[in-house]
Amino acid sequence: MSLTNTEIEDLNNAVVSAWNFDEWSWTTAFDEKGSNDGSISWSTWTTGKIDSALDFDWTDDYVSVTNNTDINVTKNFTLNAWVNFTWSTSSWKYSIISKL
């Protein structure tokens, strides 16, 4: 099964926010699709799979995004993240995303 160009465009238009984490030196994670820029706290920049990435030590690092109505999740949604764990995930207890 393949998608038509119109279906692909519809999917791209449905994306609310996208953070590439490719800024290298900023303290802001810029939203490539919307206006939901994130504030980077304590994380450091490193080389990623493609371009740059954020290195989280899982103690106090995070990216905070203001609670805007366009990301107020009230129905089904999809989250996509590339995560490279450098330790055993058998004792996994951390979050990739959370809402306070």
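Is Phe-21 buried, partly exposed or exposed, and at what relative accessibility? Phe-21 counts as partly exposed, because its relative accessibility is 24%, and buried would mean under 20%. Please keep in mind throughout that what we are looking at is a predicted model.

Let me stay with Phe-21 for a moment. The residue sits in the loop between helix H1, residues 5-14, and strand E1, residues 28-29, and its phi is near 55°, which is a positive value in a residue other than glycine. The backbone oxygen of Phe-21 is reached by the side chain of Ser-52 at 3.0 Å, and that contact takes us from the loop into strand E4, where Ser-52 has its place.

Ser-52 itself counts as buried, because its relative accessibility is 4%. If we leave aside its neighbours within four places in sequence, Ser-52 is in contact with Asn-20, Phe-21, Asp-22, Glu-23 and Trp-24, and also with Trp-45 and Thr-46.

Now to the hairpin. Strands E3 and E4 pair in the antiparallel sense over 4 bridges, and within this pairing Thr-46 stands opposite Ala-53 in E4. There are 4 residues between the two strands of the hairpin, where Asp-51 takes a positive phi near 65°. Asp-51 is placed in the loop between strand E3, residues 44-47, and strand E4, residues 52-55, and, like the phenylalanine we began with, it has a positive phi although it is not a glycine. With 40% relative accessibility, Asp-51 counts as partly exposed.

I would like to turn next to the other sheet, which is an open one of 3 strands in the order E1-E2-E5, with antiparallel pairing. E1 and E5 stand at its edges and have a single partner strand each, so one side of each of them is left without a neighbour in the sheet. Between E2 and E5, which run antiparallel, there are 4 bridges, and one of the pairs to look for on the screen is Gly-38, whose bridge partner in E5 is Val-65.

Just ahead of E2 in the sequence we come to Asn-36, in the loop between E1 and strand E2, the latter being residues 38-41. What is the relative accessible area of Asn-36, and is this residue buried or exposed? Asn-36 is buried, since its relative accessible area is 1%, and the cut-off for buried is under 20%. Two side-chain contacts of Asn-36 deserve a look: a polar contact with the side chain of Ser-17 at 2.8 Å, and another of 2.4 Å with the side chain of Asn-68. Not counting residues up to four places away in sequence, Asn-36 touches Val-16, Ser-17, Trp-19, Asp-31, Val-65, Asn-68, Asp-70 and Ile-71. Val-65 in that list is the residue we have just met as the bridge partner of Gly-38.

Finally, let us move to the surface. Which residues make the nonpolar surface patch of about 540 Å²? The patch is made by Val-73, Phe-77, Leu-79, Val-83, Ile-96 and Ile-97. Taking one of them, Ile-96 lies in the segment after strand E5, residues 62-65, and with a relative accessibility of 42% it counts as partly exposed. That value is over the 30% relative accessible area which a residue needs to belong to a patch.

Methods: Residues numbered from 1 in each chain as written. Predicted model: local features only at pLDDT ≥ 70, side-chain atom pairs only at ≥ 80, totals over all residues. Heavy atoms only, no water. Patch = residues over 30% accessible without salt bridge, like charges linked within 9 Å, V, L, I, M, F, W, Y side chains within 5 Å. Areas by Shrake-Rupley, 256 points an atom, 1.4 Å probe, with all protein chains shown as cover. Salt bridge = Lys/Arg side-chain N within 4 Å of Asp/Glu carboxyl O. Buried < 20%, exposed > 50% of the residue type's maximum accessible area, 1.4 Å probe, protein only. Pairing = 2+ DSSP bridges. Polar contact = N/O pair within 3.5 Å; in protein donor to acceptor, adjacent residues only side chain to side chain. Contact = heavy atoms within 4.5 Å.
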